[in-house]
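Reader: I am a first-year student and I get lost when a whole model is described at once. Please choose one part, look at it closely, and explain each term when it comes up.

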Amino acid sequence: MTVKGKTIVVTGAASGIGAETARLLKSAGATVIAVDRNEPAASNVDRFVQADLSDPASIRQAAKALGSGIDGLCNIAGLPPTRGRVPVIQVNFLGLREFTESMLPNFNNGAAIVNLASLAGIGWPEAGPAIKALIGLRDFTATEALCNEHKVDDGRSYFFSKEALIVWTMQNRWTWRDRGIRMNTVSPGPVETPILKDFLETLGARAEEDMRVMDRPGRPEDIAPVVAFLCSDDSCWIRGTNIPCDGGMGSHVLLNITGLA
Ligand code: NAI
């Protein structure tokens, strides 16, 4: 895995998985630019651009400030379901997409985009019409109306945002192929970061069952190397797909749903 000499933007670099990804990329020789609403640890990054990734104006301003010469974008910033359905969908999907699209002119040919989805997005094949509606939504102020129409409450919003992210990534498998730009998602299971308690709170008994069958929750150190690999040229034939990184939980869930466990 080589990222030496690449310039890579990492959102969410102030905490958890984003902080560890920034640290790892920098230690491997990449120039790391953090985008977050909070300031990251200075030792993990080369530059910091402050932005609110739920706000289209702030997003476009950040993309402009970042400028050209970007080889990788790790979209890791995200909110847990306890933060409410509108911010969750705005940060986890609408803002992420807006930022990625605003960054397109800044990318070098061959750039890699890596989106942090989740095991929570595994149910996307069951939610086609609502996902289609969200992907069709461009107006951030219409988020609440879309949630009402598709019966997305706070608890469901996190799953929904990650389902849409996985589908949008697959849909764009070849969109920027002429420039060699590719995009993938990584889907962790539960990871020990400041938002793990929010997931446990929202998912209740289901989360307790997940934690019971897992030998341990994931750590940011389990996820960051997968993100870094997807930024490297070694993964250039991996395009428009979702890579689970969940200690086996995804297989466990799928086999149980299908009765093949
Ligand atoms: P975290 O809470 O430790 O870090 C999230 C980062 O995103 C923070 O630095 C925060 O400041 C930033 N952020 C949030 N809203 C923002 C906004 N509006 N503008 C700019 N920055 C903003 O979370 P963690 O656990 O590291 O999560 C990272 C990603 O991994 C998220 O997308 C999350 O959904 C995903 N994930 C996390 C799992 C877990 O169990 N921790 C499991 C599966 C996926």
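Author: The answer starts from one helix and then moves out to its surroundings.

This is a predicted model, in which local features need pLDDT of at least 70 and side-chain atom pairs count only at pLDDT 80 or more, while totals for chains, interfaces and linings use all residues. Residues are numbered from 1 along each chain as its sequence is written, and side-chain values use heavy atoms, with hydrogens and water left out.

The part chosen is helix α2, residues 56-66. Helices (H or I, at least four residues) and strands (E, at least two) are DSSP runs, numbered from the N terminus. Take burial as the starting point. A residue is called buried under 20% relative accessible area, exposed over 50%, and partly exposed in between, using a 1.4 Å probe and protein chains only. In α2 the buried residues are Pro56, Ser58, Ile59, Ala62, Ala63 and Leu66. Looking down the axis of α2, these buried residues fall within an arc of 160°, so they line one face of the helix. The arc is that of the directions from the helix axis to the C-beta atoms. On the face turned away from the buried side of α2 are the exposed residues Gln61 and Lys64.

What do the buried residues of α2 pack against? They pack against the strands β1, β2, β3 and β4, and against helix α3. Contact here means heavy atoms within 4.5 Å.

Consider the helix partner. α3 covers residues 85-103, and α2 packs with it at an angle of about 35°, the two axes being 9 Å apart. Axes are lines fitted to C-alpha atoms, for helices over the stretch in contact, and angles run from 0 to 180 degrees between N-to-C directions. The crossing of α2 and α3 is right-handed. A crossing has that name if the near helix is turned clockwise from the far one by less than a right angle, and is left-handed if anticlockwise. From α2, the residues Ile59, Arg60, Ala62, Ala63 and Leu66 take part, and they meet Gly95, Glu98, Phe99, Ser102 and Met103 of α3. The residues of this contact divide into six nonpolar, two polar and two charged. In that count Ala, Val, Leu, Ile, Met, Phe, Trp, Tyr, Cys and Pro are nonpolar, Asp, Glu, Lys and Arg are charged, and the others, Gly among them, are polar.

Next come the strands. α2 lies across β1 (7-11), β2 (31-36), β3 and β4 (70-75), and runs at about 155° to β3. These strands belong to an open sheet of seven strands with parallel pairing, in the order β3-β2-β1-β4-β5-β6-β7. At the edges stand β3 (47-50) and β7 (242-245); each has a single partner strand, so one side of each is left without a neighbour in the sheet. On average, neighbouring strands of this sheet are turned by 20° against each other, direction ignored.

Two strands pair if DSSP finds at least two bridges between them. β1 and β2 run parallel and are joined by five bridges; Thr7 stands opposite Thr31 in β2. β1 also pairs with β4 in the parallel sense, over three bridges, where Ile8 has Gly72 as its bridge partner in β4. From β4 the sheet goes on to β5 through five bridges, again in the parallel sense, and there Cys74 has Val114 of β5 as its bridge partner. How many residues of β2 and of β4 are buried? In β2 five of the six residues are buried, and in β4 six of the six.

One residue just before α2 also belongs to this picture. Leu53 is found in the loop between β3 and α2. At 11% relative accessibility, Leu53 counts as buried. Leaving aside neighbours within four places in sequence, Leu53 is in contact with Thr11, Val35, Ile59, Ala77, Gln90, Val91, Gly95 and Phe99. Among these, Ile59 from α2 and Gly95 and Phe99 from α3 are also residues of the contact between the two helices.

In short, the buried face of α2 packs against four strands and α3, while Gln61 and Lys64 are exposed on the face turned away.
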